[in-house]
Amino acid sequence: MSMEKSSFEPTQEFFDQWLKTYETTCGRLVEMPAIGPSREKSEKLMKGFSSFVNLYAAWMDSSINLQNVFMEAMRRMHEKTGSEMEGEISPEKYKDFYKAWIETYSETFKEFLKSDHFASDNGRFISYFMEFQKRNREMLEENYLKPMNLPTKAELDDIYKELYSLKRTVKELTSQVKELSEKK
Amino acid sequence: MNDLILIEDYKKFKLGMELFLNLPEFSVGTTPSEIIYTEDKMKLLHYIPTAEKQHPVPILVVYALVNRYYILDLQPDKSVIRRLLDKGFDIYIIDWGYPSGVDRYLTIDDYVNGYINNAVDKIRELSGLDKISLLGVCQGGTLSVMYAALHPEKVKNLITLVTPVNFDTDKGLLHIWAKSLDVDSIVDNYGIVPGNLLNAGFLLTDLFRLMIDKYVGLFERIESGPDDAVCQQRNEETFKNFLRMEKWIFDSPDQAGETFRQFMKDCYQKNLLIKNKMELNGKRINLEKISMPLLNVMAEFDHLVPNDASIPLNDAVSSSDKEMLVFPTGHIGIFVGSRSQKEVCPRIAEWLKPRSLDGSREEKFKQKRKNQRSKVRTK
């Protein structure tokens, strides 16, 4: 499908150039090990920033791909209805146009969504999004929740794990007691 | 002519908006039931019989963890549950509830060897029977298959409805996307995987139809004839039916993280279940242990569970009495479509009837089947 090839090459090129420049300038500063009394906090902050750049890069890739699909759908739509939609547009024609629009866009997007290309892009985007959310939460916990002595997600997870393990033990013991009492 | 069409469209839109503003309340899952067992957030419901009990073997319906069980009882005229009750079956269903943070460490083992097993034991205790029938739906079918393989001594019949067991297919978008998903990062980040995240994936499978055309279609179905009272009643029903389905679609429970992790990795990414390599708490699931009668029901146009994902089950089990049914409908249509009520439910009931008999009558049926099979072979 022609949408695999970018119709947004200038956008892609600009972004690639921006990313390269970032990686060779600010990016290197961000990756630099922190020193001094606040090194742990600074490093976390910088890692958070780095994860944001990764997310931004993945988002840009996905956006450009999506724009290409939209362009391809629009091209197909024009091929299908270009001549029919000339002159006065009646409501009947409008309905036919809507039908063709839904069909063309659905089919074009389905083709794109079926591609391995989309699957890997989507997987990468979700991974970066999760990483970004995790870093964000850690920063929030570090700078707000801990100083205010409020429980963090990690602490709650510890409790949940303990509770889960206790519940499982209780269930196992209850079933053993039941079995033993039935044997009697 | 053009003006008339415009006026008609405007009238429909106006009527539609009025309906939205004044629509009486609507309900889902109205077939009366009682809770007979609870464990954590899981509830076991027993449907109150609507007909004289004709088949002694009770049925336990196991629905998926994503979305809610009431799609099987959406409204009185679109209810798999009601159709089976009317045929004299004794029906139980598991309501998984809405998992929260405290459930994040629940595993598939907890669901299969814990909740389902305890529900089965409760029904066995109440019915006084050693074995019951299992009707697993979608992901609930996959869990039922696991259960039947691990506890064949408690399952008399296994019915799977749009159930994936072979995940190595590129026919469904979910199967394609799942391969590249970083499941660990999702579970580690959320703990409890948001239902809305999964719902976004389901919507993406047919974005334009599900997010635009469906709503346009609703307004197009509005009737504005000369008999306004009759039209109004029909329109109200159309809107109520639409909203029932809309409620179900967006009523998406969050997922227990560890269960999601194992299901995605072992099933969707490694396809271990059909290879007899999947383990629950150290116990290997061998599908050949499934020797009870099996009915595998599929929807021909299923975009979420393609037929390729369900068909291999029949070859993987050791049951001699096994059947496959494919209906020309979709993943949801198989529960709520008109074909579901007219064809799917009656066919399931027909299949179950002779397999839900008491001892002596069942022996006669088995003998009859044996004779039929030998006749087929001779031919």
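Author: Let's start with one term: pLDDT is the predictor's confidence in each residue, on a scale from 0 to 100. You will want it here, as the model is predicted. Chain A has an average pLDDT of 88, and 95% of the residues score at least 70.

Reader: Where in chain A is confidence lowest, and where is it highest?

Author: The lowest mean, 84, belongs to helix H2 (residues 26-31) of chain A, while helix H6 (residues 153-183) of chain A has the highest, at 94.

Reader: What makes A:Ser50 count as buried?

Author: Its relative accessibility is 16%. Buried means under 20%, so A:Ser50 qualifies. The residue sits in helix H3 (residues 39-81) of chain A.

Reader: Which residues is A:Ser50 in contact with, leaving aside its neighbours within four places in sequence?

Author: A:Val30 and A:Glu31. With A:Glu31 there is also a polar contact between the side chains, at 3.0 Å. The limit for such a pair of N or O atoms is 3.5 Å, so 3.0 Å falls within it. For a sense of distance along the chain, A:Leu66 is 16 residues from A:Ser50 in sequence and 24 Å from it in space, C-alpha to C-alpha.

Reader: How is chain A assigned to domains?

Author: Domain 1 of chain A takes in 8-82 + 90-150, and domain 2 takes in 152-183. Their centres, taken over C-alpha atoms, are 42 Å apart. The contact involves 5 residues of domain 1 and 4 residues of domain 2 of chain A.

Reader: And into which domains is chain B divided?

Author: Chain B has domain 1 (1-28 + 195-253) and domain 2 (31-180 + 272-377). Here 16 residues from domain 1 and 21 residues from domain 2 of chain B take part in the contact. The centres of these two domains of chain B are separated by 32 Å, again over C-alpha atoms.

Reader: What makes strand S1 and strand S14 of chain B edge strands?

Author: Each of them pairs on one side only. S1 covers 33-39 and S14 covers 322-327 of chain B. They end an open, mixed sheet of 8 strands, in the order S1-S2-S6-S3-S7-S8-S13-S14 (chain B). On average, neighbouring strands of this sheet are turned by 20 degrees against each other, direction ignored.

Reader: How do you know that S3 and S6 of chain B pair?

Author: Pairing takes at least two bridges, and S3 (residues 59-62) and S6 (residues 91-95) of chain B have 3, so they count as paired, in the parallel sense. In S6(B), B:Ile91 is the bridge partner of B:Ile59, and B:Tyr92 stands opposite B:Leu60. S3(B) also runs parallel to S7(B), joined by 4 bridges. There, B:Val61 has B:Leu135 of S7(B) as its bridge partner.

Reader: Why are both faces of S3(B) called covered?

Author: Buried means under 20% relative accessible area, and the residues on each face meet that, so both faces count as covered. B:Ile59 and B:Val61 are on one side, with B:Leu60 and B:Val62 on the other. Helix H4 (residues 139-150) of chain B lies across S3, S7 (132-137) and S8 (155-161) of chain B, and runs at about 145 degrees to S7(B).

Reader: Why does B:Arg68 count as buried?

Author: Its relative accessibility is 9%. That is under the 20% limit, so the term applies. B:Arg68 is placed in the loop between S3 and S4 (73-75) of chain B. Its side chain makes a polar contact of 2.7 Å with the side chain of B:Asp95. Among the other residues that B:Arg68 touches are B:Tyr63, B:Trp96, B:Trp248 and B:Asp251.

Reader: What is the phi of B:Cys138, and of B:Asn281?

Author: For B:Cys138, phi is near 55 degrees, a positive value in a residue other than glycine. B:Asn281, also a residue other than glycine, has a positive phi near 50 degrees. B:Cys138 lies in the loop between S7 and H4 of chain B, and B:Asn281 in the loop between S11 (279-280) and S12 (283-284) of chain B.

Reader: Is B:Cys138 buried or exposed, and is B:Asn281 buried or exposed?

Author: B:Cys138 has 14% relative accessibility, under 20%, and is therefore buried. B:Asn281 has 53%, over the 50% cut-off, and is therefore exposed.

Technical notes
Residues are numbered from 1 along each chain as its sequence is written. Chains are lettered from A and ligands numbered from 1 in the order in which they are written. This is a predicted model: local features need pLDDT of at least 70, side-chain atom pairs count only at pLDDT 80 or more; totals for chains, interfaces and linings use all residues. Side-chain values use heavy atoms; hydrogens and water are left out. Axes are lines fitted to C-alpha atoms, for helices over the stretch in contact, and angles run from 0 to 180 degrees between N-to-C directions. Contact means heavy atoms within 4.5 Å. Buried means under 20% relative accessible area, exposed over 50%, partly exposed in between (1.4 Å probe, protein chains only). A polar contact is a pair of N or O atoms within 3.5 Å; within protein, one must be able to donate a hydrogen and the other to accept it, and residues adjacent in sequence count only if both atoms are side-chain atoms. Domain bounds come from an automatic or database domain assignment.
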